[in-house]
Amino acid sequence: MLGHKEKKAKKNEAAVDETQVQNNDSYLGDPDNIIECDGLVKIYKTDEVEVMALQGLELNIKRGDLIAIIGKSGSGKSTLLNMIGGLERPSAGKMYADGKDLFAMSDKELVEYRRHTVGFVWQKNSRNLLPYMTAVENVQVPMFFDKTNKSDKEKRAIELLTMVGLEDKINSYPAQMSGGEQQRVAIAIALANNPKILLADEPTGAVDSKTSNMIQDLFRKLNEELGITIIIVTHDISLANKVGRVVMISDGKISTEKIMKEDYRNKINELSSESFAAEDSHEEYSVLDKAHRVQINEDMLASAGIDTNKVKVKVVDGQIIITKE
Ligand SMILES: Nc1ncnc2c1ncn2[C@@H]1O[C@H](COP(=O)(O)OP(=O)(O)O)[C@@H](O)[C@H]1O
Ligand SMILES: [Mg+2]
C-alpha cells in the first residue's frame, strides 16, 4: 500500500502541470483527512521582535475525529486553531481543509468556509454570546443569512439548545446563566450552521472541574451523535482524559501524541469522569517530524543521565538506544 506522501508524489507525476491549474478542486491528499497541515510556519512581527508561533507544524486529522491539542501557554495553539478556522494565514506552509487548499481560497470562498465548514467556540465567552439576547436568539445569530423562515430558525435553535441540555434555559439571558451553561450555548451557536468541524479554544478555561467534565462529555456526545470532527485546544491536561487522540504542541510543533487504549475506549461509557486517570487511559507516542527528528523531554534526559548535546544512537535487538557514551 502506498503511504500518503507517496500517493501525492505519484499523482504529481501523473499530472505534471497540475500546479498550473491548481485550484480548490485539485486535491492531492488523503480524503479520509478533514485537515492536513504541511510545514506550517507563522511568524508574528511586532516592532523589532519576531515571534515564531508555528515552526513547521505537521498534523493530519481524520474526518469524525475528536482530538485535543494540548500545550503550554504561548505554544501556538490558538494560532493553529485560528488558521484551521480560516482567520489567520501562515507565513509558510499549506493546509487542506475538507479537501480544499485553504490558503488558495478567494475571499468569497473563505467567507463561505467560515460560515459553513467550521464552527468556533471562543476562549472568551463575551466573544461567543451577545448579552442583550436570550439563548434562543443567540443561537439564531449565525443563521441570519439563511433563507429559511423565522419559525424554522427558532425551531432549529431550540433543537440545538435541547441537544446541549439547555431546554429549560432557552429564554434566559447570558447573565442569568452559569459559566458552564453559557459555554453550552456557545457550543449550540457554533453548531447552528451545521459545520463539519467544531473548533474550541480553551472551552473549559473558565469553569470548575465538574463543569469541565460535563462539557467534555457533551463534546463526546456531539462527536458520536453528529459525526462532527471536533478539535479542542487547551493547556488543561485533564481535558484530554476522555478524548481518543491527544497531541502535544510545544514551541509551535507537535512533539508527542497519546492514543486512547482500546480497552478504555470500550468501557468509557461505564466510567464516571472522576475515575479517569490519564496514565491508564492513553498510550503515549513521540512524533517523528518529516526529517525523522524526535523530541526527548527533559525528564527523560535527566533520568538517563544525559546532560550533553551529543548522544550516541544505535539499534540493539530491533530497538533504538540513545546513550551518552
Ligand atoms: N497577533 C499576535 N502578534 C504578535 N505575537 C503573537 C500574536 N498572536 C500570538 N502571538 C505570539 O505567538 C506565540 C503563540 O501564541 P498563541 O498561538 O496564542 O499560543 P497559545 O494559544 O498556545 O497560548 C506566543 O508567543 C504569542 O505571544
Ligand atoms: Mg491560546
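In this predicted model, strand β7 and strand β8 (residues 229-234) pair in the parallel sense over five bridges, with isoleucine 197 standing opposite threonine 229 in β8. Together with helix α9 (residues 209-226), β7 and β8 make a right-handed β-α-β unit. The protein as a whole has twelve helices and 13 strands, and buried residues make up 32% of its 325 residues.

**Strand β7 and its surroundings**
- Five of the five residues of β7 (residues 197-201) are buried, so this strand is largely enclosed by the rest of the structure.
- In a regular strand the side chains alternate between the two faces of the sheet.
- In β7, Ile197, Leu199 and Asp201 point one way while Leu198 and Ala200 point the other way, and all of these residues are buried.
- Strand β6 (residues 118-121) also pairs with β7 in the parallel sense, over four bridges, and within that pairing glycine 119 has leucine 198 of β7 as its bridge partner.

**The sheet**
- Seven strands form an open sheet with mixed pairing, and their order is β6-β7-β8-β3-β9-β10-β11.
- β6 and β11 (282-286) stand at the edges with a single partner strand each, so one side of each is left without a neighbour in the sheet.
- From one strand to the next, the twist averages 20°.
- Elsewhere in this order, strand β3 (residues 66-70) and strand β9 (residues 245-250) pair in the parallel sense over four bridges, and the bridge partner of isoleucine 70 in β9 is methionine 248.

**Helices packed on the sheet**
- Helix α3 lies across β3, β7, β8 and β9, and runs at about 155° to β8.
- Helix α8 (residues 179-191) packs on the sheet as well, where α8 touches β6 and β7 and its direction makes about 165° with that of β6.

**The shell around ligand 1**
- Ligand 1 is surrounded by Tyr44, Thr46, Val51, Ala53, Gly71, Ser73, Gly74, Ser75, Gly76, Lys77, Ser78 and Thr79.
- Two or more residues of this shell come from each of β1 (33-46), β2 (49-62) and α3 (77-84), and α3 gives the most, with three residues.
- Sorted by class, the shell around ligand 1 has three nonpolar, eight polar and one charged residues.
- Helix α3 thus belongs to two parts of this account, since α3 gives three residues to the shell around ligand 1 and also lies across β3, β7, β8 and β9.

**Contacts along the chain**
- Among contacts in the protein between residues at least 6 apart in sequence, 68% join residues that are at least 24 apart.

Technical notes:
Residues numbered from 1 in each chain as written. Chains lettered and ligands numbered in written order. Predicted model: local features only at pLDDT ≥ 70, side-chain atom pairs only at ≥ 80, totals over all residues. Buried ≥ 20, exposed ≤ 12 C-beta atoms within 10 Å, placed from the backbone. Contact = placed C-beta atoms within 7 Å. Near = placed C-beta within 6 Å. Nonpolar A, V, L, I, M, F, W, Y, C, P; charged D, E, K, R; others polar. Pairing = 2+ DSSP bridges. Right-handed = clockwise from strand over helix to strand, strands pointing away. Axes fitted to C-alpha atoms, helices over the stretch in contact; angles between N-to-C directions.
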